[in-house]
Amino acid sequence: QRVDGANTHAADLGHALALLYALRLWRATGPLPPFWRRPVGGLAAAVVFAWVNAVLVRSLHHWSGTPMWLEGALRSDTVQMALTILWTLLALATMLWATRKAGPAVARAVWLAGAGLLAVVVLKLFFVDLASLDTLRRTVTFLGVGVLMLVIGYVSPLPPAAPAREARP
């Protein structure tokens, strides 16, 4: 049973608008206290990550007939291949943002979060994709991730550590 594409895209648009509204409210209320910055940033990143994965699975369901989450999407070769490449692209975007736009205080932590996601991708390649994907999808996945990792290594080096604060006498 296929889901009506107009409904799924309207839900995705509604989620994106809610996310933009939450970002606007956050900016209007001023900066968060330092204690809350990391937990709120981590929670926001996790919500965006889950939302992007859901958009991908719904789009694959609509356009290529793959199962939805509860109907066995994780057993679909196409979904597994797409998730691996999506996660690598998200790691690239995170690491690139960390080296280009993030302030020196958070750049290294954000870059390391992207590297952690890349480590998860490599583990997924060897433990899930290598075991379950057919030859063509496995080849496309490995080549795609390999090329993206080369791009990451070229355009996004590890940012320097934040300078240590000197202790006052």
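Is Arg100 buried or exposed? With a relative accessibility of 53%, Arg100 counts as exposed, where exposed means over 50% relative accessible area, buried means under 20%, and partly exposed lies in between (1.4 Å probe, protein chains only). Arg100 belongs to helix H3. Its C-alpha atom is 9.3 Å from that of Pro159, although the two residues are 59 positions apart in sequence.

The structure is a predicted model, in which local features need pLDDT of at least 70, side-chain atom pairs count only at pLDDT 80 or more, and totals for chains, interfaces and linings use all residues. Residues are numbered from 1 along each chain as its sequence is written, and side-chain values use heavy atoms, with hydrogens and water left out.

## The chain as a whole

The protein chain has five helices and zero strands. Helices (H or I, at least four residues) and strands (E, at least two) are DSSP runs, numbered from the N terminus. The order of elements from the N terminus is accordingly written α-α-α-α-α. The chain holds 169 residues, of which 28% count as buried. Its accessible surface is about 11300 Å², and carbon and sulfur atoms supply 71% of that area; such areas come from the Shrake-Rupley method with a 1.4 Å probe, and for residues only the protein chains shown count as cover.

A contact means heavy atoms within 4.5 Å. Among contacts with a separation of 6 or more, 67% join residues that are 24 or more positions apart.

## Helix H1 and its surface patch

Helix H1 covers residues 5-28 and includes Trp26. Trp26 has a relative accessible area of 41% and is therefore partly exposed. Together with Leu13, Leu17, Leu20 and Leu23, Trp26 makes a nonpolar surface patch of about 510 Å². Patches are made of residues with over 30% relative accessible area and no salt bridge; like charges are joined within 9 Å, and nonpolar side chains (Val, Leu, Ile, Met, Phe, Trp, Tyr) within 5 Å.

## Helix H2 and the loop that follows

The expected span of a helix is 1.5 Å times one less than its number of residues. For the 31 residues of H2 the expected span is 45 Å, and the end C-alpha atoms are 45 Å apart, which agrees. The buried residues of H2 are Val52, Asn53, Ala54, Leu56, Val57, Arg58, Leu60 and His61. Just after H2, Gly65 has a positive phi of about 75°.

Ser76 is placed in the loop between H2 and H3. Its relative accessibility is 12%, so Ser76 counts as buried. When residues up to four places away in sequence are not counted, Ser76 touches Thr66 and Pro67.

## Helices H3 and H4

Leu90 is a residue of helix H3, and at 22% relative accessibility Leu90 counts as partly exposed. Leaving out residues up to four places away in sequence, Leu90 touches Phe49, Val52 and Leu117. Leu90 and Gly114 are 24 residues apart in sequence, yet their C-alpha atoms are 7.6 Å apart in space.

Helix H4 (residues 107-132) has 26 residues and an expected span of 38 Å; its end C-alpha atoms are 36 Å apart, which agrees. H4 bends by about 40° at Leu125, the bend being the angle between axes fitted to the seven residues ending there and the seven starting there. The buried residues in H4 include Gly114, Leu117, Lys124, Leu125 and Asp129. The buried residues of H4 pack against helix H2 (34-64), helix H3 (77-100) and helix H5 (135-155).

## Salt bridges

Side chains of opposite charge can pair when their charged atoms come close. A salt bridge is a side-chain nitrogen of Lys or Arg within 4 Å of a carboxyl oxygen of Asp or Glu. The search of the whole structure finds two salt bridges, which are listed below.

| Salt bridge | N to O distance |
|---|---|
| Lys124 and Asp129 | 2.9 Å |
| Arg137 and Asp134 | 3.1 Å |

Why do Asp129 and Lys124 count as buried? Asp129 counts as buried because its relative accessibility is 0%, and Lys124 counts as buried because its relative accessibility is 8%. In the other pair, Arg137 is partly exposed at 26% relative accessibility, and Asp134 is partly exposed with a relative accessible area of 32%.
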